[in-house]
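Student: I would like a close look at one helix, its packing and its charged contacts. Please give the cut-offs behind each term as you go.

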Amino acid sequence: MERLVNRQQVLEVQGAINRYMQNKNDTNFDRIFNEIREYNLDPARFIMHACSNTTARVVGGLLDLVKKNAAMEAEREGVNVEAAAKRAVTDAANMTSNDGYGETPLVATLQNPDTQQIEDIVRVLVEHGANPNLETDDRENFFHAIYEDEMNSDDLPDRMALLQRIRDFLNEKQFNSPRIYQRFRPQAAA
């Protein structure tokens, strides 16, 4: 019975996330986090759903809540609060899905229907310790996911430009794409 109640609570939080997407106001934003706190759910549990369906604001809020929860737990246990909070956020930003696909939040972000949010969410995740070079058991790293997305995008100019901006951002952050996943830009005619 407890498992059924927990599943219902998770669905309610996901419903709150979806309501926020239909009407992005502060009341709907706060409702997501109030329900997570009320049910005492792990905010990291919703990272994948948030990355693939919502905004950078929600993803950032979830990661901040992970950090606060870890800091409180570390303080109770008498361990280094800063180290525990940082580790918890990094773990959440690099977690892998347990749905059989082994995706990371970065890879899940590429599925977000709001193109503008994809770039913003990638930035938030990287700022919170996401590693695009992380390889999971079932998948290659994030650069491979970008490469696959490029190959499947039929060279749509907007999508290709978005993916290139993400790649440029990651390169600026010193996450250089493995050579096999680099897309070669056409050279301008002399």
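Tutor: What follows is a walk around helix α7, with a second helix pair added at the end.

This is a predicted model, in which local features need pLDDT of at least 70 and side-chain atom pairs count only at pLDDT 80 or more, while totals for chains, interfaces and linings use all residues. Residues are numbered from 1 along each chain as its sequence is written, and side-chain values use heavy atoms, with hydrogens and water left out.

Helix α7 covers residues 115-127 and packs on helix α9, residues 157-172. Helices here are DSSP runs of H or I with at least four residues, and strands are runs of E with at least two, numbered from the N terminus. The axes of α7 and α9 are 10 Å apart, at an angle of about 10°. Such axes are lines fitted to C-alpha atoms, for helices over the stretch in contact, and the angle between N-to-C directions runs from 0 to 180 degrees. The two helices are therefore roughly parallel to each other; that label is for angles under 35 degrees, with over 145 called roughly antiparallel, 65 to 115 roughly perpendicular and the rest oblique.

On the α7 side the contact is made by T115, I118, E119, V122, R123 and V126, and on the α9 side by R159, L162, R165, I166, F169 and L170. Contact means heavy atoms within 4.5 Å. By class, these are seven nonpolar, one polar and four charged residues. Nonpolar covers Ala, Val, Leu, Ile, Met, Phe, Trp, Tyr, Cys and Pro, charged covers Asp, Glu, Lys and Arg, and the others, Gly among them, are polar.

Some of the charged residues pair up. A salt bridge is a side-chain nitrogen of Lys or Arg within 4 Å of a carboxyl oxygen of Asp or Glu, and by this rule the count comes to seven. One of them joins E119 and R165, at 3.0 Å from N to O. E119 belongs to α7 and R165 to α9, so this pair ties together parts that are 46 residues apart in sequence. A further salt bridge links R123 to E119, with the closest N and O atoms 3.7 Å apart; both residues lie in α7, four residues apart, about one turn of the helix. E119 is buried at 10% relative accessible area, where buried means under 20%, exposed over 50% and partly exposed in between, using a 1.4 Å probe and protein chains only. R123 is partly exposed at 31%, and R165 is partly exposed at 40%. Through shared partners, the salt bridges join E119, R123 and R165 into one network.

Helix α7 also holds I121, which is buried with a relative accessible area of 0%. Leaving aside residues up to four places away in sequence, I121 touches A50, C51, T54, T55, A56, V59, T109 and N112.

For a second helix pair, take α2 (residues 26-38) and α4 (residues 56-77), whose axes come within 11 Å and cross at roughly 30°. These two are therefore also roughly parallel to each other. D26, F29, I32, F33, I36 and R37 of α2 meet R57, V58, G61, L62 and L65 of α4, giving seven nonpolar, one polar and three charged residues.
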